[in-house]
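Work through the exercises below with the structure open beside you. Try each task before reading its solution.

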Amino acid sequence: MQDRLLVIGGSAGSLTVVLSILKEIGLGYPLPVLLVLHRQSSFESSLEELLYVRTRVIIKEVEEKEMLRPGRIYVCPPDYHVLVEQDHSTSLDYSERVNFSRPSIDVTLRSAADVYGAGLTALLLSGGNADGAEGMEYVKERGGFTILEDPQTAEVPYMPQQALFRMTVDRIASAEDLPLVIRELGHK
Amino acid sequence: MQINPIHNEELDLLLNDISTRYGYDFTEYTRASLQRRIQRLFTVDKFPSFAEFRYRLQNDSHYFRRFVEEITVNVTEMLRDPSFYHTLRTTILPILSTYPFIRIWHAGCSTGEEVYSMAILLYESGLLHKSLLYGTDINPLVIEKARKGIFPVRQMQKYSENYINAGGLKEFSEYYTANYYLAKFDSSLTARMIFSTHNLVSDYSFNEFQLILCRNVLIYFSRELQGKVFRLFDYSLENFGYLALGTKESLRFSPMADAYRQVGREKIWRKVRDAG
């Protein structure tokens, strides 16, 4: 069976949806989940802690050269890009910001799409910048499955809209429906 | 949209060429980052095919120089991670001050911002006059920049904040003179620095140090290469010397981890015995 990975990219206004998805899928989801979320690098508490406190699901910050394993949920560390290697391990990268972002959703999506191809599902959520749109397009070129938070229900519609300007996504779902869509996707 | 035009096998060919022709070995760099940057260069320089890219690299040493400049990551800032510098200032420098002479190596120093940060710390601890800071990098272009000590003035506000958060004692602006675009750091700082190219993959140890800093370099290396570089550092570090790594890097997986003890919560380790 093909190896699979779910990457979720989000920026401003995405936290609520991320929390409800995590609550819905919990641990033991059949594929590894990698969260690429923009945030202020000056935040004191780690995203890992914040998500745990709000969902009681244990989230793991990506470490360099860590194997992505099904059932676990990973989050990119602040101020590093995360790339995926052929053996499904992660690499951290401190190079220039992309779309004013580090981690950048585009960077992770491109590299994950090269490795997972059709096994990759990418979900792009609410946000106020254009990061992720190009990556979504690339995921689709590589045969992956693309899902978008409906700009009409997104807190900040700009980011999902940018993706729509570039491409036709495989699925659009409202913030309310997304948790179930993601859960069902895991059991396909 | 273009699918990555350089395949893994082609990348292998390219890296082998480069290793044979120029003696730079990138084969043990982490693939995903390296691939991404080579890809970018290929696209930016508008090569029509991989074959032409490969031919140019084999036959044009000037272009190879550009290659090295572009595929190495040169992102750095002054006093990045202020809590790290705070620990250096309050915990490490007081111990180093007991030495008659202090030698510090910034391995992979890029354009030198960390070296200037350290020089400022040493100056404020009254140690700069008896310290020597070595800054090395694989990329000759960044070493030239580091020697000049001139940085964009628009960065200074951020650096000044870092400086205050790291426990700075003065006005940060006392350390440079600025015009509209550029800030030149005081030559009394530069006077205690030595910059040189050095390749961590292939070059040898060149001195013994009480403190080696290598931050956000090892994340680009395979575990095997990391191990090799740790041995190089161990060989270059005096007993009871310190090794400082980036926020997401660790000595944990190194065979010599047992010979080192971590200092508090920062990514600083002290060599407590010979790793052998």
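**Exercise 1.** Which residues does A:Tyr74 touch, not counting residues up to four places away in sequence?

*Solution.* The model is a predicted one. Start by locating the residue: A:Tyr74 belongs to strand 4 of chain A, residues 73-75. Next, list its contacts beyond four places in sequence: A:Pro32, A:Val33, A:Leu34, A:Leu35, A:Lys60, A:Val62 and A:Leu68. Finally, take one of these partners, A:Pro32, and compare separations. A:Tyr74 and A:Pro32 are 42 residues apart in sequence, while their C-alpha atoms are 7.7 Å apart in space.

**Exercise 2.** Decide whether A:Tyr74 is buried or exposed.

*Solution.* Count the other C-beta atoms within 10 Å of A:Tyr74: there are 23. The cut-off for a buried residue is 20 or more. A:Tyr74 is therefore buried.

**Exercise 3.** Describe the largest nonpolar core and say where it lies with respect to the domains of chain B.

*Solution.* First, the count: this core has 125 residues. Second, its best-connected members: A:Val7, A:Leu35, B:Ala119 and B:Ile212 have the most contacts inside it. Third, its place: domain 1 (8-71) and domain 2 (82-271) of chain B each contribute residues, so the core lies between them. Now look at one of the members named above. Leaving out residues up to four places away, A:Leu35 touches A:Ile8, A:Val18, A:Ile73, A:Tyr74, A:Val75 and A:Cys76. As a general point, nonpolar side chains tend to be buried together in soluble globular proteins.

**Exercise 4.** Describe how the two domains of chain B meet.

*Solution.* Begin with the bounds: the domain assignment of chain B gives domain 1 as 8-71 and domain 2 as 82-271. Their C-alpha centres lie 29 Å apart. In the contact, domain 1 of chain B supplies nine residues and domain 2 of chain B eleven. Then sort the domain 1 side by class: three residues are nonpolar, three polar and three charged.

**Exercise 5.** How many residues of chain A are in contact with chain B, and which elements of chain A give two or more of them?

*Solution.* Count both sides: 21 residues of chain A meet 14 residues of chain B. The elements of chain A giving two or more residues are strand 5 (81-84), strand 6 (90-93), helix 3 (105-116) and helix 4 (133-141). By class, the chain A side has seven nonpolar, four polar and ten charged residues.

**Exercise 6.** What confidence values does the predictor give the complex?

*Solution.* Read off the two scores for the complex: an ipTM of 0.88 and a pTM of 0.93. For chain B, the mean pLDDT is 95, and 98% of its residues reach 70 or more.

How values were computed:
Residues numbered from 1 in each chain as written. Chains lettered and ligands numbered in written order. Predicted model: local features only at pLDDT ≥ 70, side-chain atom pairs only at ≥ 80, totals over all residues. Domains from an automatic or database assignment. Contact = placed C-beta atoms within 7 Å. Nonpolar A, V, L, I, M, F, W, Y, C, P; charged D, E, K, R; others polar. Core = buried A, V, L, I, M, F, W, Y, C linked by C-beta atoms within 7 Å. Buried ≥ 20, exposed ≤ 12 C-beta atoms within 10 Å, placed from the backbone. Helix = DSSP H or I, 4+ residues; strand = E, 2+ residues; numbered from the N terminus. pLDDT = per-residue confidence, 0-100.
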